[in-house]
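User: I have a model open and would like to know what lies behind the labels. Could you take me through the reasoning?

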Amino acid sequence: MIKAIDVLNPSASTETLTAEYERASRILGQAEVRTPFLLLERSKIRQNLKRLSHSLPRVAIHYAIKSNNHPAVLEEVARAGHRFDISSYQELLLAVEAGGHVREQIHSHPIKSPYEIIDAINAGVEIFVVDNPDEIDKFIPYAGKVRLMIRFKVENNDAVVNLSYKFGCLPSEVVGLAERIRMRGLDYYGLAFHVGSQCLSNDVYLKAVDIAADLIKELDCRGLETGILDIGGVFPVPYTEDVPPIEEFCKPIHARLEEKISHDIRLVCEPGRFISATAVTLVASVIGKSVRSGRRWYFLDDGLYGSFSGRLYDHCKYQILTNRNTTWKRSVLAGPTCDSFDVVYRDIILPPLEISDLLIFPAMGAYCAVSASSFNCLRKAEYLVVD
Ligand SMILES: Cc1ncc(COP(=O)(O)O)c(C=O)c1O
């Protein structure tokens with residue numbers, strides 16, 4: 001038996017990698033499946049939900065649909081009694097189809113088109129997020145029907161994806177915005193923050209909880225009662241870097257919430273990546289090879305325009321498993337489209353691969369398929385759902 005190897009970390013233990021590799025090869029042999037395909041495991045979604053809710057026992061989970069909107073993922077979330085974070089009316093429809101109740105969902109997009117607001121309110125959504133005066137004023141016609149949360153930003157250099165560049169007011173602007181909500185006859189409901197996606201350190205989380213606690217006190221003094229605090233998503237996933245187990249990562253966050261935030265305030269989080277990433281494995285094949293300027297090039301049947309869109313938009317590096325292990329050389333791993341830009345790894349040490357060889361990419365469930373296109377009319381990777 002040839003052992004499977006993690007290309008980016010060849011010294012890693014091979015037992016589980018080999019099992020993972022063999023399982024994907026077996027599925028390909030048995031079912032009517034072609035590569036590229038995405039193997040989605042429902043049990044992993046359940047497991048991730050359980051681990052996170054045990055790690056943050058006071059915090060309700062609103063799964064961020066944007067990371068992976070496959071119906072099987074949403075069904076597992078709804079079946080386990082959790083709720084959704086939606087960023088559009090279309091995501092709301094998916095949540096409802098999976099068994100979610102409209103009124104319980106949070107529309108967390110800080111900038112919404114008028115149509116988006118009308119459709120969501122007509123459908124029954126009540127909770128919305130704002131971060132500026134103009135967005136607040138869009139809700140004036142809906143006074144009495146909506147509750148508004150204010151998103152503030154927290155600077156963070158330890159997150160892979162910065163979520164404070166585009167959205168979130170300064171903490172110093174929060175009280176003014178809450179006053180404006182009240183003056184416009186609207187309901188101020190609470191606060192939200194996002195410390196940045198794939199956040200590798202929990203220090204900034206603690207800082208954000210401290211800022212929220214101070215703001216809640218100040219708002220309280222002005223008669224603005226906070227009913228909810230949304231602590232965002234951002235829980236990290238072990239792609240190619242070491243990250244602490246979620247239980248360890250969340251321990252100080254739970255302690256700080258206990259210390260600083262009253263039990264009268266409803267706590268929610270909006271995890272996407274942590275729930276969906278490890279539940280999906282991409283299985284792709286080598287469909288072409290050549291040597292260019294002395295360097296080996298391998299062409300895969302999936303690329304940047306497909307499942308590897310996460311390389312671009314999510315700034316993510318995915319683990320690669322192969323069962324070849326001889327004469328490793330600097331190589332290029334390219335996608336299948338005619339665009340020269342479509343290169344997944346430009347400089348990577350690989351063993352010699354043959355056409356039809358399988359490469360397996362674990363943890364590709366978040367921000368991959370959702371941003372894939374069918375450029376060149378090439379088939380997108382299809383999902384194969386197992387328990
Ligand atoms: C408003 C909001 N909530 C939740 C998330 C989910 O973040 P993550 O997938 O890192 O958990 C994001 C990510 O972009 C977001 O913008």
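**One helix, two domains**

Analyst: Happy to! On the other side of H2 from its buried residues, Lys50 and His54 are exposed, exposed being over 50% relative accessible area, buried under 20%, and partly exposed in between (1.4 Å probe, protein chains only). This is a predicted model, where local features need pLDDT of at least 70 and side-chain atom pairs pLDDT 80 or more, while totals for chains, interfaces and linings use all residues. Residues are numbered from 1 along each chain as its sequence is written, and side-chain values use heavy atoms, leaving out hydrogens and water.

User: Which residues of H2 are buried?

Analyst: Arg42, Ile45, Asn48, Leu49, Leu52 and Ser55. They cover an arc of only 165° around the axis, so they sit on the same side of H2; the arc is taken from the directions from the helix axis to the C-beta atoms.

User: How do you know that the span of helix H2 agrees with what it should be?

Analyst: Helix H2 has 14 residues (42–55), which should span 20 Å at 1.5 Å a residue, and its end C-alpha atoms are 20 Å apart, so the two agree. The expected span is 1.5 Å times one less than the number of residues.

User: What makes aspartate 314 and arginine 273 a salt bridge?

Analyst: The term requires a side-chain nitrogen of Lys or Arg within 4 Å of a carboxyl oxygen of Asp or Glu. The closest N and O atoms of aspartate 314 and arginine 273 are 2.8 Å apart, so the pair qualifies.

User: How many salt bridges does the rule find across the interface of domain 1 and domain 2?

Analyst: One.

Technical notes
Helices (H or I, at least four residues) and strands (E, at least two) are DSSP runs, numbered from the N terminus.
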